Amino acid sequence: MIGDEGRQIVAGLVTSLHGYVTDGSGVPRYQWTQESGPKVTLIDGDTATLRFTAPVVSSNTILSFELRASDDKGVATPAKVAVTVVPAANVGVTVGYASRLAQVGHSVSLHASGSAPGLRYAWRQLSPAAPVVALTGADTDNPSFVAPILPAGGRLLFEVTATDPATGRNASARAAVDVQYPVPNPVPHPVPGQVPQPIPIATPLLQPLLIAQPFLAPQSNVAVPLPNPVLVPPLVPPQALVLTAPPAVVATGGTTVQLGATVTGGRAPYQWQWQQTSGPAAALVANGQAVVDVQVPVVTSTQTLTFTAQVTDANGTRRSAEAVIQATLVPQAVAPTDLKPTPLVVQAPRLVTVTEPAPVFSTPLTGVSFGQTSGPRLQITQQPATGGGTTLVVTAPLLKEDSAHATLTVTGKDAKGQTRAYIVPVIVMRPPALAPALVAPPQVPIPTPPTVPPQVPPQVPGQAAPTLPPVLTPPLVPKQDDPLVIMGRLQGSVDEGRQDAGVMLFARGGKGMASYSYRWDYLKEPGGPDLVLRTPTRPAPGLDVPLVDHPTTLRFLFQVTDGAQVAQATYELNINDLAPTENVGTLPLIVVDSAHAVTLSMPRPSGGIPFAPPAQPYTYSIAQKDGPALPVPPQPTSAGAGNWGFNAPVVSANAGDQELTFEMTATDRSGSAVKLTQKVIVAAPGGLRPYVSLPSIVNLVGGAAPTLQLAGAAAGGTAPYSYAWTVRQEVTPIPGKAGFSLPDLTATGQNPSVGFDDLGARRSEAATYRLVATLKVTDAAGDSAELSREVDVPLYVKTELVRGGSEVLLCGDEATSKPCTDLDLVLAMTSRCPDSQPFGMNIIKQDGAQVQEYRQCVDAIVAYQKFVVGGSKHNPLCRNYDQNAQTKLECYLACYGDGCNIDTNPPDDVLVGPPGPDGKLTVGVPPLP
């Protein structure tokens, strides 16, 4: 295949065409021939990249070429390409941007600028074949359309042709619009076998607010997935101060426990203040720290102690959280029982907002019963779930503090009649905009297990009445049906460089808190930062967060034992690569003509604390920051939030271009904001116009050092012109790998070539690679103008039809959330994959104790994107998967070879690796340390 169909090139300039082999065996061989048009001299005609000098012509002239490729299997079907040579003094047309990003449903404006007045314009959509958008004003220089739904995001490619009606000469240019993939709304966490229903649910905790990043969706019909250019890496803006309440603690009177609330956002350093607000007096040790030791008083009956944690950041912002300790009597001995304990599954915490109903749990269980065991009293109702089952909906009361923690229990019977039990933690937040309650809402007391009174022997006639045994200090004997479970969030987020941060988990059940022993271990990954945990034998060890140059996840193993039972969980701490301000970057420049209708689109963010449906999850605003003030500022369109339109000002001929700068802001409920800058240049009629002719794709393989052939031209202004080029090398790393730092390339002249980096040994760490070439043209009067265009650099993932399908285990259907059954996995019946999808893939989705597994056949592109680019290849929790480590995890393990995916963890020697020099995926990867 050839990547330059329909391209226009300028007469007299050197240009290049680029060919590809998508399904090859061995080293491919190439042969280019010219089929029509004025003869040109072919340079490097036996390589993947053909170069030639375009002939001098007086009118638009078509040149056609044929590429034949062969390999060890024979000769491939020939590929043909036609390019148009335009005269040096031809009609010229440019588009307002090479690419831009838009949300689904947003109105998007297209812009063309011709080199002369009176040109006729015609726009058409080149790809994808579906959906085809309706272009309003397709015969003008300023059409518009509404961005359609593309399930995994994608690129719409348009072409405009400008024609001089007097001479018939024409020129064309292309513009791309990247449609942001739909950011999924939170859905219920189902129990095994349930299909998640798309209903609103309490928000997962607490991810930072940032611009949503694209999922690199596989493109089945192209040699390599197209990059979706957004802000890379995803910088995290400063977040609003949020303090999250801890779970309630059950403690025996006379013992010492720790309390700690979680702070995110704001500006360090923080000042802490703990105080008790109700219950028998307890002694607080070091109450000016993030974690406080509480000496629980001895009580004669179960008592509820409440505390308030208040944090103040360097900006003077304050937030408070409620913490609760249930002080109990010393546990009494209980009679042993043969009853097996009911397993408890701790769900991921749900985040709800005061006074707003929110679904927190959906289940297909029958005979569902529920209760609240701690926290401010919630209003709980049951509703039928879509598709069957039950949904629990809670409404939290108005809080006096900013956050509180509640716990629900849910029990029911599954399809086999087995009893299932769940703990559902609920974190209640009061947005800063809501005034606090005058008094704290009533607390639900934590239930304490009943005790069994001592058994008195029956009196035997004729003997003295038996006496009770002497009262001794009761031993700490566990209630036998209390499993030991871990409470708290299994994932946290913290800013880079923060000193004296901490992680915290709690346990419940077993022999009780007084008997617990804790251990934290840092699971350092290859290349990960060094880290020292302070007091790793306590539930809340401290640490200093390292500085990072890309978003980084640290993983820890938390273990707790009461001497009889052991529970463990993996905790993930996400380190934010922090932006210096709320403004995290600048969107691609838009150039428009005088009086054009312009639309601007704010990409949708993710994370933070969204507003509850039916409201939009985030609020949006726009402000003009620089340039001549518009008579009418940008107004919201009818297409959706975050989309504005305005009319560009009228600029007089040769009066000079006008540059307008706008700042767009998305804000969540907590007050966190993320901002982007959008610059718009309004071009003056008759001004200097640069034109660029570049290939759409350039090669990284073929033996020679990779080069990019540049070609530019200019019109308007005062000749002669000088040309200066800057080429920016942009590489997106795969998750968990450090960012690439490549220098800008420079060149001068109308038609230079530049060599760019082939990435060397780090090619396997790159997810996408593109070159952004900017041409600056300066005329004899000293006026200058710039134009940028993008070139994709494929990383060569081939569909590999010649490899042959593996014999693998196939079960489950991920699309309908129907996982493999236990019987499927035990029988391990295999089937042959088609040659078009020769690889096996194991998909693992775990949420606590709930595990779903799927087995599929996939092609090379999906295998590469999911396993390598998606991060599973470098994640020890995936490569060394352990179902007993209850955590929240998604893994995609791709392998090749008969029987390679029968085991949940495929052996290292059958896992796929990065593409080799021939573009085919390698097989076999080194073990992780």
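This is a tour of one predicted model, from the whole chain to its disulfides and one surface patch.

Residues are numbered from 1 along each chain as its sequence is written. In this predicted model, local features need pLDDT of at least 70 and side-chain atom pairs count only at pLDDT 80 or more, while totals for chains, interfaces and linings use all residues, and side-chain values use heavy atoms, with hydrogens and water left out.

**Whole chain**

Start with everything selected and colour by secondary structure. The protein has three helices and 66 strands; helices (H or I, at least four residues) and strands (E, at least two) are DSSP runs numbered from the N terminus. Of the 929 residues, 52% are buried, where buried means under 20% relative accessible area, exposed over 50% and partly exposed in between (1.4 Å probe, protein chains only).

Switch to a surface view. About 39,200 Å² is exposed, and carbon and sulfur atoms supply 55% of that area; areas come from the Shrake-Rupley method with a 1.4 Å probe, and for residues only the protein chains shown count as cover. Among contacts with a separation of 6 or more, 69% are between residues 24 or more positions apart, a contact being heavy atoms within 4.5 Å.

**Disulfides**

Next, show the cysteines. The structure holds four disulfides, each a pair of cysteine sulfur atoms within 2.5 Å. Counting bonded cysteines along the chain, the pattern is 1-2, 3-4, 5-6, 7-8.

Select Cys811 and Cys820. Their sulfur atoms are 2.0 Å apart, and the link is right-handed, with 90° about the S-S bond. Both Cys811 and Cys820 are buried.

Move to Cys833 and Cys857, joined with an S to S distance of 1.9 Å. This link is left-handed, at -80° about the S-S bond. Cys833 sits in the loop between strand S61 (830-832) and strand S62 (839-848) and Cys857 in strand S63 (residues 850-858), so the disulfide ties together parts 24 residues apart in sequence. Cys833 and Cys857 are both buried.

Then select Cys878 and Cys891, a disulfide with sulfur atoms 2.1 Å apart. The torsion about its S-S bond is about -80°, so this disulfide is left-handed. It links distant parts of the chain, 13 residues apart: Cys878 is in helix H3 (residues 876-879) and Cys891 in strand S64 (residues 887-895). Cys878 and Cys891 are buried.

**Surface patch**

Finish at helix H1 (residues 822-827), which contains Leu827. Add Leu823 and Met829 to the selection: with Leu827 they form a nonpolar surface patch of about 350 Å² accessible area together.

Key. Patch = residues over 30% accessible without salt bridge, like charges linked within 9 Å, V, L, I, M, F, W, Y side chains within 5 Å. Salt bridge = Lys/Arg side-chain N within 4 Å of Asp/Glu carboxyl O.
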